[in-house]
Amino acid sequence: VEYEDISYRPVYYGDVDIGLVYNHDVYMELVPDVVEKFEYDDESIIEYFCTVGMEEKHCANKLFSPSEVRLLVPAAANECTTPSDYYWALLDHGYEDGWLLKLNKTFKPELYDVL
């Protein structure tokens with residue numbers, strides 16, 4: 001069985017993979033004015049998301065919300081002082097410290113018959 005994991009696709013901002021918090025298709029859907037502003041230039045859109053969008057709590061992945069991290073991961077409150085801190089903290093701690101499990105998000109893929 002193959003399925004596309006909508007929660008993660010590798011995306012690089014400099015040398016940091018931000019794929020856990022950023023999905024281009026989701027960002028295009030949820031914040032189309034930003035995408036149009038940068039004329040669909042992926043690098044500019046990612047730069048904007050990381051420098052402005054995170055501070056404005058833009059959602060770029062339907063399985064991640066900085067507000068949910070703040071509420072469901074008490075350790076995050078000790079580490080994060082700005083909205084963008086929650087994105088970077090999840091990238092640092094998401095897998096190793098089990099933060100992703102605490103968000104309790106699931107994705108049920110659609111299965112197709114393949115002959």
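These legends describe close-up views of a predicted model of one protein chain.

**Figure 1. Overview of the protein chain, with seven helices and two strands.** Along the sequence the elements run β-β-α-α-α-α-α-α-α. The chain has 115 residues, and 37% of them are buried. Among contacts with a separation of 6 or more, 58% join residues that are 24 or more positions apart. The chain exposes about 7,500 Å², and carbon and sulfur atoms supply 51% of that area.

**Figure 2. The largest nonpolar core, a set of 26 residues.** Which members touch the most other members of this core? They are Ile18, Val21, Tyr22, Tyr27, Phe49 and Val69. Helices α2 (32-37), α3 (42-53) and α6 (83-93) each supply at least two residues of the core.

**Figure 3. Close-up of Tyr22, a member of the largest nonpolar core.** Leaving out residues up to four places away in sequence, Tyr22 touches Arg9, Val11, Tyr27, Ile45, Ile46, Phe49, Ala60 and Asn61. Tyr27 and Phe49 are, like Tyr22, among the core residues that touch the most other members. Ile45, Ile46 and Phe49 also appear among the buried residues of α3. Arg9 takes part in the salt bridge of the next view.

**Figure 4. The salt bridge between the side chains of Asp25 and Arg9.** The N to O distance is 2.8 Å. The pair links distant parts of the chain: Asp25 belongs to helix α1 (residues 24-30), while Arg9 is in the segment before β1 (12-13), 16 residues apart. The count of salt bridges in the model comes to one. Side chains of opposite charge can pair when their charged atoms come close. Are the two partners buried or exposed? Asp25 has a relative accessible area of 43%, so it counts as partly exposed. Arg9 is also partly exposed, because its relative accessible area is 26%, between the limits of 20% and 50%.

**Figure 5. Helix α3 and its packing.** This helix has twelve residues, yet its end C-alpha atoms are only 14 Å apart. A straight helix would reach 16 Å at 1.5 Å a residue, and α3 falls short of that. Its buried residues are Ile45, Ile46, Tyr48, Phe49, Cys50 and Gly53. They pack against β1, α1, α2 and α6.

**Figure 6. Helix α6, a mostly covered helix.** How many of its eleven residues are buried? The count is eight: Pro83, Ser84, Tyr86, Tyr87, Ala89, Leu90, Leu91 and His93. Helix α6 is also one of the elements against which the buried residues of α3 pack. Two further residues of α6, Trp88 and Asp85, are the subjects of the next two views.

**Figure 7. Trp88 in helix α6 and its contacts.** Trp88 is partly exposed, with a relative accessible area of 26%. Apart from residues up to four places away in sequence, Trp88 touches Tyr13, Val16, Ile18, Cys50 and Met54. Trp88 and Cys50 are 38 residues apart along the chain, and their C-alpha atoms are separated by 9.5 Å. Cys50 counts as buried because its relative accessibility is 8%, which is under 20%.

**Figure 8. Asp85 in helix α6, with Glu79, Cys80 and Glu55.** Asp85 has a relative accessible area of 23%, so it is partly exposed. Neighbours within four places in sequence aside, Asp85 is in contact with Glu79 and Cys80. The C-alpha atoms of Asp85 and Glu55 are separated by 8.5 Å, and the two residues are 30 residues apart along the chain. Cys80 is buried, with a relative accessible area of 8%. The number of disulfides in the model is zero.

**Figure 9. Tyr40 and Lys57, two loop residues with positive phi.** Tyr40 lies in the loop between α2 and α3, and its phi is near 65 degrees. The relative accessibility of Tyr40 is 48%, so the residue counts as partly exposed. Lys57 lies in the loop between α3 and α4 (66-72), with a phi of about 60 degrees. Neither Tyr40 nor Lys57 is a glycine.

Key. Residues are numbered from 1 along each chain as its sequence is written. This is a predicted model: local features need pLDDT of at least 70, side-chain atom pairs count only at pLDDT 80 or more; totals for chains, interfaces and linings use all residues. Side-chain values use heavy atoms; hydrogens and water are left out. Helices (H or I, at least four residues) and strands (E, at least two) are DSSP runs, numbered from the N terminus. Buried means under 20% relative accessible area, exposed over 50%, partly exposed in between (1.4 Å probe, protein chains only). Contact means heavy atoms within 4.5 Å. Accessible areas come from the Shrake-Rupley method with a 1.4 Å probe; for residues, only the protein chains shown count as cover. A nonpolar core is a set of buried Ala, Val, Leu, Ile, Met, Phe, Trp, Tyr and Cys residues joined through side-chain atoms within 4.5 Å. A salt bridge is a side-chain nitrogen of Lys or Arg within 4 Å of a carboxyl oxygen of Asp or Glu. The expected span of a helix is 1.5 Å times one less than its number of residues. A disulfide is a pair of cysteine sulfur atoms within 2.5 Å.
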